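Subject: Structure handover

Hello,

Here is the structure I promised to pass on. Please open it first, then read the notes below it.

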Amino acid sequence: MNCPCGSNKPYANCCELAHKDLSAVATAEQLMRSRYTAFTMAKGDYLMASHHSSTRPIKEKKAIEDWAKSVNWIRLEILDNKKGGIKDQSGTVTFNAYYFEKGKVEIIHENSAFIKEKGVWMYLGPADQ
């Protein structure tokens with residue numbers, strides 16, 4: 001199966017590597033892609049583990065999983081990224097995530113902030129807030 005993140009790689013050679021070992025993520029964009037894929041698979045544990053400790057919504061894990069299962073994911077579109085490379089400590093990724101819910105296509109548009117915590121990329125939250 002091709003990875004849902006849009007890389008055109010098999011899941012086993014793409015986001016599954018991150019899902020098995022968060023420290024395998026080399027860039028902010030890779031983390032963004034692996035989180036999108038985790039949403040498509042309702043992998044709440046990974047979504048919590050890859051969310052920075054200062055903003056992690058532990059109490060919302062079940063609601064996030066339930067919502068992720070309730071929609072049909074269409075595709076991820078990466079629009080831009082700033083910094084977030086292997087040697088960087090922070091970066092942003094702007095994306096659109098398309099999904100089908102209640103008879104229509106919806107879009108999550110976000111400029112996400114990422115930061116390394118103990119050398120591992122973590123999602124911090126929307127950069128625009």
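A salt bridge here is a side-chain nitrogen of Lys or Arg within 4 Å of a carboxyl oxygen of Asp or Glu. Keep in mind that this is a predicted model.

**Salt bridges**

Side chains of opposite charge can pair when their charged atoms come close. The search of the whole structure finds six salt bridges. Three of them are worth a look, and I take them in turn.

Start with Glu-29 and Arg-33. Their side chains meet in a salt bridge, at 3.0 Å from N to O. Both residues lie in helix H2. They are four residues apart, about one turn of the helix. Glu-29 has 22% relative accessibility, so it counts as partly exposed.

Next, go to helix H4. The side chains of Asp-66 and Lys-62 meet there in a salt bridge, at 2.8 Å from N to O. This pair, too, is four residues apart, about one turn of the helix. Is Lys-62 buried or exposed? Lys-62 counts as exposed because its relative accessibility is 53%, and the cut-off for exposed is over 50%. Asp-66 has 36%, so it counts as partly exposed.

The third pair is Lys-61 and Asp-45. Their side chains meet at 2.3 Å, N to O. This salt bridge links distant parts of the chain. Lys-61 is in helix H4, and Asp-45 is in helix H3, residues 44-49. The two are 16 residues apart. Asp-45 counts as exposed because its relative accessibility is 55%. Lys-61 has 26%, so it counts as partly exposed.

**Largest pocket**

Now the empty space. Rolling a probe the size of a water molecule over the atoms shows where empty space is left.

The largest pocket holds about 260 Å³ of space. Its lining has 13 residues. Nearest its centre lie Arg-35, Phe-39, Phe-95, Ile-108 and Glu-110. The elements that give two or more residues to this lining are helix H2 (28-40), helix H4 (61-70), E2 and strand E3 (104-117). Which of them gives the largest share? Helix H2 does, with four residues. By class, the lining divides into 10 nonpolar residues, one polar and two charged.

**Second largest pocket**

The second largest pocket holds about 220 Å³. It is lined by 14 residues. Nearest its centre are Lys-9, Asn-13, Cys-14, Cys-15 and Gln-30. Helix H1 (15-20) and H2 are the elements that give two or more residues here. H2 again gives the most, with four residues. The classes in this lining are seven nonpolar, four polar and three charged.

**Surface patch**

One more thing to find on the surface. Ile-74, Phe-100, Val-105 and Ile-107 make a nonpolar patch of about 350 Å². Phe-100 is in strand E2, residues 90-101. With 37% relative accessibility, Phe-100 counts as partly exposed.

**Where to look first**

I would begin at helix H2. H2 holds the pair Glu-29 and Arg-33. It also gives four residues to the lining of the largest pocket, and four to that of the second largest. From there, move to helix H4 for Asp-66 and Lys-62. Finish at the patch with Phe-100.

Best wishes

Methods: Residues numbered from 1 in each chain as written. Predicted model: local features only at pLDDT ≥ 70, side-chain atom pairs only at ≥ 80, totals over all residues. Heavy atoms only, no water. Patch = residues over 30% accessible without salt bridge, like charges linked within 9 Å, V, L, I, M, F, W, Y side chains within 5 Å. Areas by Shrake-Rupley, 256 points an atom, 1.4 Å probe, with all protein chains shown as cover. Buried < 20%, exposed > 50% of the residue type's maximum accessible area, 1.4 Å probe, protein only. 1 Å grid on protein atoms, 1.4 Å probe; cavity = no way out; pocket = protein on both sides within 12 Å on 5 of 7 lines; lining within 4 Å. Points joined across faces, edges and corners; volume = space filled by probe spheres on them. Nonpolar A, V, L, I, M, F, W, Y, C, P; charged D, E, K, R; others polar.
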